[in-house]
Amino acid sequence: MRTDVFALRHIGVGEKDLQQMLETIKVATLDELIAETIPEDIRLKQPLVLDPPMSENEYLSHIQDLSEKNKVFKTYIGLGYHEAFTPSVIKRNILENPGWYTAYTPYQAEIAQGRLEALLNFQTMLVDLTGMELANASLLDESTAAAEAMTMLYEVRSRAKKKSKAQKFFVSEEVLPQTLSLLKTRSAPLDIELVVGNHEDFDFSDDFYGVLLQYPGKNGQVHDFAPFAAKATEKDIKIAVAADILSLVMLTPPGEFGADVVVGTTQRFGIPLGYGGPHAAYFATKEEYKRSIPGRIIGVTKDRDGKPALRMALQTREQHIKRDKATSNICTAQVLLAVMAGMYAVYHGPKGLEYIANKVHTSATTLTKSLEKLGVKQINSCYFDTITIKADAVKVKAVAEKHEVNFLYIDDNTIGISLNEATTLKDLQGIITIFAEALNIEANTIQELDGGSAINPAVRRNSPFLENEVFNSYHSETELMRYIKRLERKDLALNHAMISLGSCTMKLNAASEMLPISMARWGNIHPFAPIDQAKGYQTILKELEKDLNIITGFAGTSLQPNSGAQGEYAGLMVIRAYHESRGEGHRNICLIPASAHGTNPASAVMAGMKVVVTKTDENGNIDVNDLAEKAILHKDNLAALMVTYPSTHGVFESSIKEITKLIHDNGGQVYMDGANMNAQVGLTNPATIGADVCHLNLHKTFAIPHGGGGPGVGPICVAEQLVPFLPGNPVIKTGGEKAITAISAAPWGSSLVCLISYGYIKMLGESGLTQSTKTAILNANYIKNKLSGKFEVLYTGEKGRAAHEMIIDCRPFKENGIEVSDIAKRLMDYGFHAPTVSFPVAGTLMIEPTESESLSELDRFCSAMLSIREEIEEASSEDSNNPLKNSPHTLEMITSDNWEFPYSREKAAFPLPYIMENKFWPSVRRVDEAYGDRNLICTCAPIESYMEA
Ligand SMILES: *Cc1c(COP(=O)(O)O)cnc(C)c1O
């Protein structure tokens, strides 16, 4: 076997297995299977023209070389991004550990208690630091979190405000520029009118329903917002505050001065800058808004034995599940980064955070005094970590760049300096040297941090925080390492078994793709650093855009969106801008098939479109007659069709070209949801089927790990006519000629993890990518054949083939009293994570094995499913005391002296021989969803509960 061909490592099916599998599914060759699966008229006629594949070793030295092109300057730009130290124990045991980064969103709570606990820690940390009652885990970045606050407060504004049509939202002029840009994007399609100004001049008129303040302001000034907030509250105007997480260690928490929502980023809690992301944003609010919160909230509940257990609370109200009633479309969030930020607080504890915050603050006061001694004026009267200097910016910039230092140049005469955890005395001295040289005066020497304070008593924090046991226990490396391991052991990730989640494509996240994430020269670049310092990044981002253009057949790509759903929104906003540019801004109807993912209608509504749902026929395909009728009916106002291809039913619909033509003939653009791109790469593409724009989930098809529910990257690829509208950024130029305003805070979104997809494409090349697609289709059809006769596969293509995934019907088992969730939970006893449950059809499982799984793993999974099928046969609706209903079985149950079940312990925990080799123990019994929703608790138990115990 060639050891220098990455494709042979990425693809799980070897030459020998291939023959056996082809025999099972009764085709002579893989190409014959593909011919029976993908309609001829949409097959690519030529192979993709991509670079030849690199070996893993070639790639690692290539990426190392490229990293040398990034210049890592000492950077004090701030604006929401700060250099931070990732504690090595967190880096090695979480960021670099597949036990954490390959996990899926914790929908199957019984095998996800570890990351659920880590996320509960994250929420608790935020509730404490912000002084609010509830926090989610997590949002995509600070700016989108601020936009979510603007829209949520709009939804929940009081009846009086609704009646008086209060549509105005006030935005302080001290809000970060990227946030303002995003608020413009998000408010435009809704009826919200932004008013930007100085909060001190705000007139509190009745037209306003809400405000957004920045704390500290973008240039570092800390205002005492208490009087403002009191007046706003009196006028029934809701208050959102974007707050710097580290500053809250020292400043009065916004919850204490009357905020309704507090948002921000947790980047500086140990997360690399990564040229913009990924980082976890937070959203904290009051209990009364719990049903309107965007994203996921982790809550405490109990399991079947009454023991405490965690799960995603209010899950059915997760915003995008409300479809076109949703006010947010967030699905994939930033779980891995939230886990890390929460762990940073666990490791350092309240005293450690105080030390860090204090050091950062006194660095700023020390620097101020030292600069003042040089005769340089600093103008912030109250600040935490950011000072504003009056000096000749042109002169200072020239000297600073020579010394490899970046400041924020606010105007010709104003310079911002933001200090951080990594700032040393030597760095402060370096700054002094630069100013002295630029102003031609003699530098003074900084001996030590001066211990002064520039925080007015009115805004000084007095309340304690992080008093829970978890934040006061694991401050030695040994203790934290073991705590992380303890949590990890509770979670089933890809390093244990296949996770065959339909529509989510849980493929290999190869070590060689992941390694560069840890390199300092990729980690430590500020997103607003001058572009010529980021040549390494610019090279890989441009290459990745180019390769994605080739793969999709399109003309332009934006990497800015931080998730698939955000890509949907971006794509629809680009379509909107296109229609407007042609004087057809009235086009606002979006056709969406009934089977679409919930984010599709949610995104359409956010883009100001009206959703018209089209029917699905009995074979699961788009009902073309119904679609035609609706396209024609709405032809004067048709904006777009959103279509998933192959369909969410796992089928390449043969009428797709007819469908896309129909939309174009009626003046609409076609948006293809690219979540199923893993069935297309190298064989067909969105341009060929007639789409105009698609998003890709790089965290599905292009090997970015799911991280337990994020990070994600959801680039949009667009046809020629849409390229001019690709989204921009207010600080660094990016996007099209007529760019729409920002979709994400950072110019290229989550650049750091784009390295993973870049590596995936460069190491596979055309041949490996195409072979991956074919094998994904092979593996799905192999499972389909193995299960046939025992499980009914709903929907297949015209020749009876599945695409890369299939839906099996579990509704008939209700006769035996068995629900689809019983199968999902029983699979845990067999060591497997359930496939996708009840999407897109209730009562079904959607199985997607991906190309990375081997024949032996597929066989294990099929034997588990077939064994469960026999158990279903033995079950009866009269008696629920059976292994399916009682699943999952914990170690505690199995080893208990009382065994009162009518089946053996062996049948409960080791129903098949292979399990002995690799047993996974769920850490809790089945969780009670409803109990937790009735008694919502979303933080760690308070210190008192430990004292009572
Ligand atoms: C995953 C998925 C999405 C949403 O993507 P996120 O990255 O989670 O926002 C949209 N549509 C389909 C069909 C999906 O499978």
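Q: In this predicted model, which residue's side chain does Lys-762 meet in a polar contact of 2.8 Å?
A: Lys-762 belongs to helix α24, which spans residues 751–787. The 2.8 Å polar contact is made side chain to side chain. The partner of Lys-762 is Asp-547.

Q: Is Lys-762 buried or exposed?
A: The cut-off for buried is under 20% relative accessible area. Lys-762 has a relative accessibility of 3%, so the call for this lysine is buried.

Q: Which residues are closest to the ligand?
A: The ligand has 14 residues around it. Sorted by class, that shell holds three nonpolar, eight polar and three charged residues. The closest ones are Thr-332, Ser-503, Asp-673, His-699 and Lys-700.

Q: How far is an oxygen atom of the ligand from an N or O atom in the side chain of Ser-503?
A: Let's go through three side chains that meet ligand oxygen. Thr-332 puts a polar side-chain atom 2.6 Å from a ligand oxygen, and for His-699 the distance from a side-chain N or O atom is 2.7 Å. For Ser-503, the value is 2.5 Å.

Q: What percentage of the ligand's accessible area does the protein cover?
A: Thr-332 has a polar side-chain atom 2.6 Å from a ligand oxygen. Taken on its own, the ligand has 380 Å² of accessible area. The share of this covered by the protein is 98%.

Q: Which helix gives the largest share of the shell around the ligand?
A: The shell counts 14 residues. Three of them come from one helix, made of residues 564–581, and that is the largest share. The helix is α19.

Q: What is the strand order in the open sheet of four strands?
A: The pairing in this sheet is antiparallel. Strands β23 (792–794) and β25 (836–837) are at the edges, because each has a single partner strand and so one side without a neighbour in the sheet. Reading across, the order is β23-β24-β26-β25.

Q: Which residue in β26 is the bridge partner of Ile-808?
A: Strand β24 covers residues 806–809 and β26 covers residues 844–847. The two run antiparallel, with four bridges between them. Opposite Ile-808, the bridge partner is Leu-845.

Q: How far apart are the end C-alpha atoms of residues 772–889?
A: An unreviewed UniProt entry annotates this stretch as "domain: Glycine dehydrogenase C-terminal". In the model, the stretch is 39% helix and 11% strand. Its end C-alpha atoms are separated by 36 Å.

Q: Which strands are at the edges of the seven-strand open sheet?
A: The sheet has mixed pairing and runs β2-β8-β7-β6-β5-β3-β4. An edge strand here pairs on one side only. That picks out β2 (134–135) and β4 (193–197).

Q: Which residue in β5 does Phe-169 stand opposite?
A: Strands β3 (residues 168–172) and β5 (residues 208–215) run parallel and share four bridges. Across from Phe-169 in β5 is Gly-210.

Q: How many residues lie between β14 and β15 in their hairpin?
A: Three bridges join β14 (residues 408–411) to β15 (residues 414–418), and the pair runs antiparallel. One bridge partnership is Asp-411 with Thr-414. The number of residues between the two strands is two.

Q: What is the omega of the cis peptide bond joining Phe-839 and Pro-840?
A: Pro-840 sits in the loop between β25 and β26. Another cis bond runs from Gly-710 to Pro-711, with omega near 15 degrees, and Pro-711 is in the loop between β21 (693–696) and β22 (716–718). For Phe-839 and Pro-840, omega is about 0 degrees.

Q: What is the phi of Ala-703?
A: Ala-703 is in the loop between β21 and β22. With 0% relative accessibility, it counts as buried. Its phi is positive although Ala-703 is not a glycine, at about 75 degrees.

Q: Where is Thr-850 found?
A: Thr-850 has a positive phi of about 70 degrees, although it is not a glycine. This threonine is buried, with a relative accessible area of 0%. Its place is the loop between β26 and α26 (855–874).

Notes:
Residues numbered from 1 in each chain as written. Predicted model: local features only at pLDDT ≥ 70, side-chain atom pairs only at ≥ 80, totals over all residues. Heavy atoms only, no water. Near = heavy atom within 4 Å. Polar contact = N/O pair within 3.5 Å; in protein donor to acceptor, adjacent residues only side chain to side chain. Areas by Shrake-Rupley, 256 points an atom, 1.4 Å probe, with all protein chains shown as cover. Nonpolar A, V, L, I, M, F, W, Y, C, P; charged D, E, K, R; others polar. UniProt positions renumbered as here; feature names shortened; annotations may be inferred. Pairing = 2+ DSSP bridges. Buried < 20%, exposed > 50% of the residue type's maximum accessible area, 1.4 Å probe, protein only.
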